[in-house]
Structure formats: C-alpha cells, structure tokens
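Visitor: I'd like to learn how to read a few features in a model like this one. Could you walk me through it?

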Amino acid sequence: QVQLVESGGGLVQPGGSLRLSCAASRSIETITFMGWDRQAPGTKRDFVARISSPDNTNYADSVKGRFTISRDNAKNTVYLQMNGLKPEDMAVYYCFALAGLTTYWGQGTQVTVSS
C-alpha cells in the first residue's frame, strides 16, 4: 500500500510557475508509474503527466513544453514543475501511483490561475 500527499498548489498569475510535490509513504523505486491527473469543476479527471521507472516520461499535449515531471527516489517524491501557467490549467491536481495492479491516489492540491 502507498499513501500519497500532495503539496505546492496555490494561486498564481497567468504566465507564472508552481512546483507540485507528491510524497509517498514508501520507496518509489519499484512503483511502475507515478504521475499527475487534474480535474477542473464540472469536468472529468484528465491525465497530465507520468514518469516510470527508469525515468521515462509522458505528457498530455496541452502541457508539453510547459510542465516537467521528475522524481527523487531518495526522498520518495515526485514533482511537477509547471511553467507558463494558463487559466485553463486551473484545477485540482491529483498524484497517482501504479504499484502492481493497484492505483493509489492522493487527496489533491488546488491550483488557481488568475490575475
């Protein structure tokens, strides 16, 4: 089992940056995928980015070139660096981990993009 705790959300102006963190309760070295989804009000949850072992990454087309996912195995943490934020990026961001056949989710962190 894996508990995930997100942090780093907040309010940012359009064009600004935020870095989200997802801390896992155990080693992430053997976790197949870790990543981020997001959900805006009234919409379905959408894939944002994921990172596998060893360090292959995938991104949604809408965030390519602006967001970067990375991992620090020593800290059992995955990061999402978000640059060039747009109003349409505003959502609750959820961290996920696929370990074996089970997907675990964090509680989410709110990202608000507004001037």
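Guide: Happy to. A charge sits over a ring if NZ of Lys or CZ of Arg is within 6 Å of the ring centre and within 35 degrees of the ring normal. Keep in mind that this is a predicted model. Here the charged end of arginine 50 sits over the ring of phenylalanine 33, 3.9 Å from its centre.

Visitor: Which arginine lies over the face of tryptophan 105?

Guide: That's arginine 45, at 4.8 Å from the ring centre.

Visitor: And ring against ring? How do I read that?

Guide: A pair of aromatic rings is described by two things, the distance of the centres and the angle of the planes. Searching the whole structure turns up one aromatic pair. The partners are phenylalanine 96 and tryptophan 105, with ring centres 5.5 Å apart and planes at 55°, so the pair is tilted.

Visitor: Why does phenylalanine 96 count as buried?

Guide: Because its relative accessibility is 10%, and buried means under 20%. Tryptophan 105, on the other hand, has a relative accessible area of 40%, so that residue is partly exposed.

Visitor: Let's go inside. How many residues does the largest nonpolar core have?

Guide: It has 30 residues, and those with the most contacts inside it are Leu4, Met34, Trp36, Leu80, Met82 and Tyr93. Several strands give two or more residues to this core, among them β4 (33–39), β9 (91–99) and β11 (109–113). The largest share, five residues, comes from β9.

Visitor: What is tyrosine 93 in contact with, leaving aside its neighbours within four places in sequence?

Guide: Quite a list, including Leu20, Trp36, Arg38, Phe67, Leu80, Met82 and Thr109. One of those is also a strand partner: tyrosine 93 stands opposite threonine 109 in β11. Zooming out, β9 and β11 run antiparallel and are joined by three bridges.

Visitor: Which strand runs parallel to β11?

Guide: Strand β2 (residues 10–12), which is joined to β11 by three bridges. For instance, glycine 10 has valine 111 as its bridge partner in β11.

Visitor: How do I read the side chains along β11?

Guide: Look at which way they point, and then at burial. In β11 they alternate: Thr109, Val111 and Val113 are buried and point to one face, while Gln110 and Thr112 point to the other and are not buried.

Visitor: Tell me about threonine 109, then.

Guide: Its relative accessibility is 10%, so threonine 109 counts as buried. Beyond residues up to four places away in sequence, threonine 109 touches Glu6, Ser7, Gly8, Gly9, Leu20, Ala91, Val92 and Tyr93. A polar atom of its side chain lies 3.2 Å from the backbone nitrogen of glycine 9. Sequence and space can also be compared: threonine 109 and cysteine 22 are 87 residues apart in sequence and 9.8 Å apart in space, C-alpha to C-alpha.

Visitor: Is arginine 38 buried or exposed?

Guide: Buried, with a relative accessible area of 12%. Arginine 38 has its place in strand β4.

Visitor: Which side chains make polar contacts with the side chain of arginine 38?

Guide: The side chain of serine 62 makes one at 3.5 Å, and the side chain of tyrosine 93 makes one at 2.9 Å. Leaving aside neighbours within four places in sequence, the contacts of arginine 38 also include Arg45, Asp46, Val48, Phe67, Glu88 and Asp89. Arg45 takes us back to the start, as arginine 45 lies over the face of tryptophan 105.

Terms used
Residues numbered from 1 in each chain as written. Predicted model: local features only at pLDDT ≥ 70, side-chain atom pairs only at ≥ 80, totals over all residues. Heavy atoms only, no water. Phe/Tyr/Trp six-rings, centres within 6.5 Å; stacked < 30°, edge-to-face > 60°. Buried < 20%, exposed > 50% of the residue type's maximum accessible area, 1.4 Å probe, protein only. Core = buried A, V, L, I, M, F, W, Y, C linked by side-chain atoms within 4.5 Å. Helix = DSSP H or I, 4+ residues; strand = E, 2+ residues; numbered from the N terminus. Contact = heavy atoms within 4.5 Å. Pairing = 2+ DSSP bridges. Polar contact = N/O pair within 3.5 Å; in protein donor to acceptor, adjacent residues only side chain to side chain.
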